[in-house]
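Student: I've got a model open and I'd like to learn how to read contacts, cores and pockets. Can we go through them one by one?

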Amino acid sequence: MSRPFRFGVNMIVPAPAAEWRSKCRRAEELGYDVILVPDHLGMVAPFPALVAAAEATERPRLGTFVLNAGFWNPALLAREVATTDALTGGRLELGLGAGYVQAEHDSAGLPYGSPGERVDHLRRTVDEVERLLGSPDHQPQPAQKPRVPLMIGGNGDRVLRLTAERADIAAFTGARPVPGNTAGKMLPVTAEELDERLARYRELAQGRKEPAELNLLLQMVAVTEDREAAVRPLVERVPDVTVEEALELPLLVVGTLKQTVAQLLAQRERYGFTYLTVLEPYMEAFAPVMAELRGR
């Protein structure tokens with residue numbers, strides 16, 4: 001049996017206090033289950049933003065989507081996680097990733113390292129945060145027991161292995177970094193490439209007692225009669241992708257309400273994605289799709 005759908009919105013636009021709270025209340029009104037924040041320079045600081053979101057709302061859970069492990073000392077991160085979980089009444093979900101934007105590390109004066117070094121640091125971070133927060137002697141204590149739910153995001157083999165071993169939520173991006181690009185530019189993965197990544201994850205996760213929740217970040221949502229017109233501006237910015245190919249990408253949800261609902265039901269059947277995240281600019285556009293999928 002498939003899990004029921006769950007929906008998150010990733011709040012990527014900084015705002016003053018009143019506007020931030022208003023946006024979070026609107027996400028709750030629309031029915032989003034999780035309010036999320038990224039971890040990039042130039043965007044909001046994750047933990048204070050989530051505490052403010054909690055003060056403005058009652059129902060949604062609150063998550064990091066996802067923290068760049070290279071920005072964080074594990075002991076300091078454990079303190080932030082425990083404090084935020086306590087201040088939000090046990091609503092926190094911790095999302096972690098290895099990081100992919102070298103320019104941000106350079107700006108912060110932090111080492112970037114090789115892909116292997118970044119994944120090693122991610123694993124050490126998961127180990128240490130789990131150890132610290134699992135200790136009765138650690139102060140402060142998180143509200144949730146036995147632990148704050150853990151999401152790990154990434155598509156590479158070593159990250160998928162760690163995700164299969166440790167994560168409650170496995171997050172897939174539907175995109176991959178452009179080799180050699182320091183600014184974090186991404187290219188979309190095809191449906192077939194995503195098939196292969198999910199197959200690899202399932203192979204690595206065969207020994208799990210409980211299956212992880214599978215998350216997909218949707219990069220675009222447009223409820224429209226003219227699918228081709230909606231994706232054409234995107235295609236102009238992505239080399240070697242035609243309009244027809246773009247309309248087949250799993251990370252784009254474009255079409256009539258009926259078509260978009262059918263697409264996401266089909267993707268749940270094909271890949272297992274039941275936790276869907278949209279970017280803040282598409283929060284309103286996705287609301288009717290979300291309403292149709294609710295409970296299915």
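Tutor: Sure, and keep in mind that this is a predicted model. Let's start with contact, which means heavy atoms within 4.5 Å.

Student: Which residues does tyrosine 32 touch, leaving out those up to four places away in sequence?

Tutor: With those neighbours left out, the list for tyrosine 32 is Phe7, Gly8, Val9, Ala27, Arg59, Pro60, Val278, Tyr282, Met283, Phe286, Ala287 and Met290. In the largest nonpolar core, which has 71 residues, Tyr32 and Phe286 touch the most other members. There is also a second, separate core of 14 residues, with Ala222, Ala230, Val241 and Leu252 among them.

Student: Is tyrosine 282 buried, partly exposed or exposed?

Tutor: Buried means under 20% relative accessible area and exposed means over 50%. Tyrosine 282 has 24%, so it counts as partly exposed. You'll find tyrosine 282 in the loop between strand E13 (275-279) and helix H11 (283-293). Besides Tyr32, tyrosine 282 touches Gln219, Met220 and Val221, again not counting residues up to four places away in sequence. Tyrosine 282 and alanine 27 are 255 residues apart in sequence, yet their C-alpha atoms are 11 Å apart in space.

Student: And pockets? What lines the second largest pocket?

Tutor: The general idea is that rolling a probe the size of a water molecule over the atoms shows where empty space is left. Here, the second largest pocket has a volume of about 300 Å³. Its lining has 16 residues, with Arg3, Arg202, Pro211, Ala212 and Leu214 nearest the centre. By type, the lining splits into seven charged, five nonpolar and four polar residues. Helix H7 (191-204) and strand E10 (213-218) each contribute at least two of the lining residues.

Definitions and conventions:
Residues are numbered from 1 along each chain as its sequence is written. This is a predicted model: local features need pLDDT of at least 70, side-chain atom pairs count only at pLDDT 80 or more; totals for chains, interfaces and linings use all residues. Side-chain values use heavy atoms; hydrogens and water are left out. On a 1 Å grid over the protein atoms alone, a cavity is a set of points where a 1.4 Å probe fits but cannot get out, and a pocket is an open set with protein on both sides within 12 Å along at least five of seven lines; lining residues have an atom within 4 Å of a point. Grid points are joined across faces, edges and corners, and a volume is the space filled by probe spheres set on the points. Helices (H or I, at least four residues) and strands (E, at least two) are DSSP runs, numbered from the N terminus. Ala, Val, Leu, Ile, Met, Phe, Trp, Tyr, Cys and Pro count as nonpolar, Asp, Glu, Lys and Arg as charged, and the others, Gly among them, as polar. A nonpolar core is a set of buried Ala, Val, Leu, Ile, Met, Phe, Trp, Tyr and Cys residues joined through side-chain atoms within 4.5 Å. Buried means under 20% relative accessible area, exposed over 50%, partly exposed in between (1.4 Å probe, protein chains only).
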